[in-house]
Structure formats: C-alpha cells, structure tokens
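Me: I would like to go through one protein structure by question and answer. Please show me the sequence and the model.

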Amino acid sequence: MTSAPAPIRLSHVSLVYEGGVVALDDVSLEVARGERVCVLGANGSGKSTLASVICGLLAPDAGVVELVGERVCADGRPDLEAYRRARRSLGLVFQNPDDQIVTSVVEDDVAFGPENLGLPREEIASRVARELHRVALDDYAAADPSRLSGGQKQRVAIAGALAMEPDVLVLDEPGSLLDVRGRSAILRVMGRLAKAGTTLVHVTHFMEEAVEADRVIVLDHGHIVLEGTPDEVFAHGAELLDLGLEVPFAARLSQRLGLPWTCSEQHLVDNLCELGTVPNSQKSLMDRRPQHIKNVCELGTVPNLQVEHASFSYSGRARALDDVSLEVAPGTSTAIIGQTGSGKSTLLRLLCGLEVPDAGRIVVAGNDTATKRGRKAVRRVVGYVMQHPERQLFAETVEKDVEFGPRNLRLPSDEVARRVNRALELVGLAGKRDASPFALSGGQRRLCALAGILAMEPEVLILDEPTAGLDPRGRAMLRRVLARLRERGITLVQVTHSMEDAARCDRVAALDQSRLVAVGTPREVFSPENEKRLTESGLGIPRSLRVARELERRGWPALGEPITTDELVAAIGETVR
C-alpha cells in the first residue's frame with residue numbers, strides 16, 4: 001500500500017521581484033499530509049513569499065511546484081488550469097486582514113469562499129455558524145468588518161479560511177493582531193486541524209508558537225538555512241540570534257540559569273524544582289527588586305493626559321468605551337492592554353482628538369477635545385503611530401519622507417534639516433537617508449514612519465500595537481527607540497498585546513469589555529489579586545511572573561514578584577545560592 005503523495009512539493013524554486021529583489025533562491029521543500037510546519041525568519045527573509053507560492057497566489061520564476069496533487073508550475077511556466085483546480089483545496093490567512101475581507105457583513109465574508117466552491121446553501125450556513133463560533137464572533141455575524149478592531153478582523157479572516165475546509169491551510173502571522181487568548185485559541189484550532197489531516201504551514205514571529213510544530217524551517221534571504229524539530233532548530237541559539245531571531249522564553253531562561261536545554265516552560269519549572277531550595281534562609285526579595293515609577297498621585301505633577309468618565313459608541317453599536325477615567329503624567333510611559341475589541345484603539349483615537357467622547361471629557365496638554373480649537377491644538381502636540389505606519393511611506397527617499405511633515409508646517413529649511421537629522425538619529429536610520437523607504441526591512445520601514453512623526457516634535461507619542469508584525473530584531477530596535485524617547489521626556493502611551501512590553505512601562509491600564517478594570521504600576525496590575533481577572537479577560541501576566549508563581553505553588557519561597565527575566569534570574573539565583 002503506497003502512502004498518499006505530499007500535498008506540498010517545491011523543487012529548486014526561485015522568485016525574483018521587479019527591481020531584482022531575490023525573495024526565494026533555490027528552495028526545495030516537501031510537506032506531508034497532516035504535517036504542521038512553522039516558518040521563521042527575519043522581516044524580508046522570504047516567509048510571506050513562500051506562503052504565497054504554497055497557496056497558489058504566486059508562480060515562481062524557476063523550479064517545480066506541486067500542490068495537492070497538481071503540478072501547477074514547471075520550470076517557471078505556470079499551468080493556469082492546474083492552479084484553478086488546486087486552489088479549491090488551498091486556504092490562506094493573510095498577515096493583514098484588510099487584504100482579505102471583501103464584503104460589508106461579517107457572515108457574508110465568511111460565506112464568500114464556500115459560495116465560490118458552489119456548496120449548497122444549507123452547508124454554507126452551517127459552516128459559517130460553526131466557524132464564527134470557533135473564533136468567538138457569534139455576536140458579530142451582522143456587523144460591518146470595517147468597524148471591527150484589527151484583532152476582530154483577523155478572526156473574521158481566519159473563520160473565512162476555515163469555512164472552506166482546505167486540505168492545505170497557510171497562515172501568515174495569524175496572531176500578530178490577536179490578544180493572548182486569541183493566539184492560544186488559534187493554536188488549539190491548528191492542533192485539531194492537523195490531527196484531522198489538514199496540512200498546516202504557519203508563518204510567525206512568535207517563537208513560542210513554533211514550539212508546537214512538527215517541523216520548523218528558518219529562512220534567510222530566500223534560503224532555507226535551518227530545518228528540523230523545534231528542539232533541533234532552537235538549539236542553534238547563537239545562529240538564530242545572528243539571523244535576527246531568538247529562542248523561546250523557556251530556552252532563554254534555561255540557558256541563563258545553566259539548566260538542561262528545554263523549549264517547554266513546564267519542563268523548565270520541573271528542572272528548577274529538582275534543584276532544591278533553602279526556604280528557611282530565604283529572605284523576601286521585595287526590598288531588593290527594582291522599583292518602577294510611583295503612582296501619578298504621588299508624583300505631584302500635572303497630568304499630561306486626562307480621561308474623565310469618558311464613554312463612546314460608534315453609530316448603531318454598543319459602547320466601545322464605558323465610563324473610563326485615566327491620568328497620564330508627563331514624561332511617563334503607559335501601556336494599555338485588553339482583549340481584542342475591548343476599546344483600546346478607540347481610547348487612542350479619543351486621546352488623539354480623532355473622536356470626541358459621547359460623555360465625559362478628554363484633556364491633552366491642557367486642551368479639551370470637546371471643541372474644534374481644542375482638537376486642533378491636541379493634534380499639534382500628539383504624534384499618533386497607527387498599527388501599520390509603514391503604509392504612510394510614499395517618498396522616493398527616507399529623508400524626503402521624514403521631512404514631509406515639518407515642511408508642511410512651513411518651517412525654515414535649517415529647522416527642517418535639524419528635525420530630520422534628530423529624528424533619523426533617534427531611530428538609528430541616519431545612514432539610510434538616501435535609501436528608498438521601500439528597500440528597507442519591515443522593522444526599518446516601521447522606524448522610518450516613526451521618524452516622520454518624531455520630526456513633528458510631539459510632546460506625546462501614542463502608538464497602536466507598534467511591534468505587531470515585526471521580527472524579534474525589529475521589536476528590540478523599536479523598544480530601544482522608545483526607551484530613548486522616554487529618557488528625553490516624551491510622554492508615551494502604547495496599546496500592546498505583549499505583557500512583557502507592558503511590564504517595561506511605568507504604568508499599565510487594563511480594559512475589559514469597554515471598561516477600565518485595573519490601572520497602576522505593572523506590579524499592581526499584575527498582582528495575584530488581579531491575575532484571575534486578567535486571565536478571564538483574555539490577557540495574562542508576564543512569563544517571568546508566571547514561572548515565579550508556579551514555583552511558589554510547588555513549594556518555593558516567595559520570589560518577590562519578578563516581572564522581567566532579569567529580576568527572575570536574580571531571584572532564583574538568590575534562592576538556590
């Protein structure tokens with residue numbers, strides 16, 4: 001009895017974009033039926049191009065491509081009829097859901113694929129209901145996708161792909177806009193699909209997501225440079241670091257503690273428990289842990305941002321924000337966290353003066369957004385970095401893109417030059433001023449767009465998921481830039497789904513179902529008293545804190561609530577010394 005042919009076969013595939021950019025270079029790959037493959041690589045390594053070739057959206061310039069038993073391309077010559085047949089069995093979830101959503105009603109969008117397959121109406125309705133329930137969007141079936149949050153749009157796109165019941169499902173960064181619960185749910189769905197025989201190709205920048213794959217592939221400049229099981233690939237820690245990647249949290253921590261190598265957080269805790277502890281000699285570490293900034297009420301300064309009992313509803317919908325009050329002190333950094341659709345992006349739009357609350361008020365740098373004059377003044381002092389700021393890029397060089405805003409202010413040429421130089425230095429792109437923005441890596445494009453906003457010299461910088469879609473190197477670059485801005489006294493407010501990024505801020509505000517449920521320092525918000533509520537809200541706590549609390553539940557003495565990896569390493573070192 002012969003085994004079924006592999007649904008994905010690529011042999012010596014190469015693809016060059018217009019302008020000579022080599023996206024794939026002599027790639028050969030075979031994926032078995034029901035196999036779960038995770039593709040890693042820095043921005044620009046060729047991951048999304050590989051995903052597009054596998055799902056039949058792009059034909060390579062050279063090589064052979066066989067998809068679900070169809071030879072769709074040979075020696076760079078596509079067979080259009082074979083592609084048409086193959087695509088009925090292929091599904092794709094794009095990195096940006098706006099590129100995939102095609103209708104004005106959620107349930108119609110999910111039904112779009114099954115309808116094109118010519119399925120009976122009853123079968124289509126059954127699949128739509130099933131998949132909307134699977135992604136927790138039952139209550140949004142009649143909603144307009146354009147009015148949904150980025151994470152909710154991503155779930156609509158995932159539901160639409162699943163409704164086609166493809167033999168091969170390709171997911172390109174499906175969790176980049178999702179909260180902790182949403183990413184976990186998608187991973188569980190992928191696990192069930194793989195067990196049922198669906199072939200999965202998962203592109204991601206989250207190393208923890210790769211741990212659950214059968215096989216991991218690492219791309220660099222269009223080449224496959226590493227391949228194997230998750231443990232085999234992540235054992236190449238130094239090489240991954242050179243490629244702009246990283247290893248999962250458990251592996252990083254086990255290395256720093258000199259413990260046996262593991263990518264599993266559970267195995268890490270087991271190994272730590274085998275070390276033994278000395279509880280009687282353990283002194284509380286609360287006095288030795290680094291202290292974050294005090295509460296606003298203790299600072300004795302005038303708040304830079306004031307949200308007073310603000311409520312807001314989009315037309316014809318339930319409240320997006322409900323009686324939210326919040327203060328942000330000048331020169332501090334604040335993280336806004338919450339599940340997808342909890343009102344985070346709406347709060348940012350209110351702070352920027354792009355929307356006006358239905359009730360309550362917003363005051364930014366002394367300007368009330370209730371008046372047109374106040375909103376105009378707010379926009380002069382606030383810089384707003386949207387979820388995909390690189391889409392704002394348009395000029396032929398980095399320098400011209402960054403100087404666009406200051407020139408529109410009709411500033412003198414020497415002042416424009418000063419602002420451009422300062423902004424490019426801040427983001428580390430001074431050496432790229434003559435380059436095309438579109439020739440930059442994904443992380444560099446994000447920084448270029450940020451430089452254009454910084455050149456306007458805002459007092460307050462508001463960022464909506466600034467690290468979404470960035471590889472580990474890009475995320476690290478952006479975090480360093482934000483730290484420098486914080487040192488220069490710029491007030492920072494960022495929406496994030498990363499509890500680790502939230503833990504680095506001075507203060508954290510947590511939203512749940514449009515209401516503010518916790519606000520304070522990271523330790524206050526991530527306290528044991530709040531942990532259950534945060535978990536129920538689709539969030540969680542920083543990994544370091546999660547490991548510390550699990551150790552304490554298994555008999556370790558109190559570790560002092562370490563919210564960063566450095567603090568956890570120090571606390572464990574003190575305990576086992």
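The questions below go from confidence to strands, core, rings and one helix.

Reply: This is a predicted model, in which local features need pLDDT of at least 70, side-chain atom pairs count only at pLDDT 80 or more, and totals for chains, interfaces and linings use all residues. Residues are numbered from 1 along each chain as its sequence is written, and side-chain values use heavy atoms, with hydrogens and water left out.

Me: In which element of the chain is confidence lowest?

Reply: The score used is pLDDT, the predictor's confidence in each residue, from 0 to 100. The chain averages 89, and 95% of the residues score at least 70. Helices (H or I, at least four residues) and strands (E, at least two) are DSSP runs, numbered from the N terminus. The mean is highest in strand 10 (residues 215–220), at 97, and lowest, at 36, in helix 12 (residues 296–299).

Me: How many contacts does the stretch 278–301 have beyond near neighbours in sequence?

Reply: A contact means heavy atoms within 4.5 Å. Over residues 278–301 the pLDDT is below 50, and beyond near neighbours in sequence the number of contacts in the model is 41.

Me: How many residues of strand 8 are buried?

Reply: Buried means under 20% relative accessible area, exposed over 50%, and partly exposed in between (1.4 Å probe, protein chains only). In a regular strand the side chains alternate between the two faces of the sheet. In strand 8, V168, V170 and D172 point one way and L169 and L171 the other, and all are buried. For strand 8 (residues 168–172) the count is therefore five of five.

Me: Which residue of strand 9 stands opposite D172?

Reply: Two strands pair if DSSP finds at least two bridges between them. Strand 7 (residues 90–93) runs parallel to strand 8, with four bridges, and G91 has L169 as its bridge partner. Strand 8 is also joined by five bridges to strand 9 (residues 199–203), again in the parallel sense. Opposite D172 in strand 9 is V203.

Me: Which strands are the edges of the sheet 13-12-15-16?

Reply: This is an open sheet of four strands with antiparallel pairing. Strand 15 (residues 359–364) pairs with strand 16 over two bridges, and V363 has D368 as its bridge partner there. An edge strand pairs on one side only, and here these are strand 13 (319–328) and strand 16 (367–368).

Me: Which strand gives the largest share of the largest nonpolar core?

Reply: A nonpolar core is a set of buried Ala, Val, Leu, Ile, Met, Phe, Trp, Tyr and Cys residues joined through side-chain atoms within 4.5 Å. The largest one has 31 residues, and L10, L50, I54, V65, V72 and V170 have the most contacts inside it. Its largest share, five residues, comes from strand 2 (residues 22–31).

Me: Which residues does L50 touch, not counting those up to four places away in sequence?

Reply: In soluble globular proteins, nonpolar side chains tend to be buried together. With those sequence neighbours left out, L50 touches L10, L24, V27, L29, V39 and L219.

Me: Why is the pair of F312 and Y314 edge-to-face?

Reply: Rings of Phe, Tyr and Trp (its six-membered ring) pair if their centres lie within 6.5 Å; planes under 30 degrees apart count as stacked, over 60 as edge-to-face and the rest as tilted. The whole structure has two aromatic pairs. The centres of F312 and Y314 are 4.9 Å apart and the planes are at 90 degrees, so the pair is edge-to-face.

Me: Are F394 and F404 buried or partly exposed?

Reply: F394 and F404 form an edge-to-face pair, 5.0 Å centre to centre with 85 degrees between the planes. F394 lies in the loop between strand 17 (382–385) and helix 15 (398–408) and F404 in helix 15, so the pair ties together parts ten residues apart in sequence. F394 has a relative accessibility of 48% and F404 has 42%. Both values fall between the limits, so F394 and F404 count as partly exposed.

Me: Which helices are included in what covers the buried residues of helix 15?

Reply: The buried residues of helix 15 are V398, D401, V402, E403, G405 and P406. What covers these residues includes helix 16 (413–427) and helix 17 (442–454).
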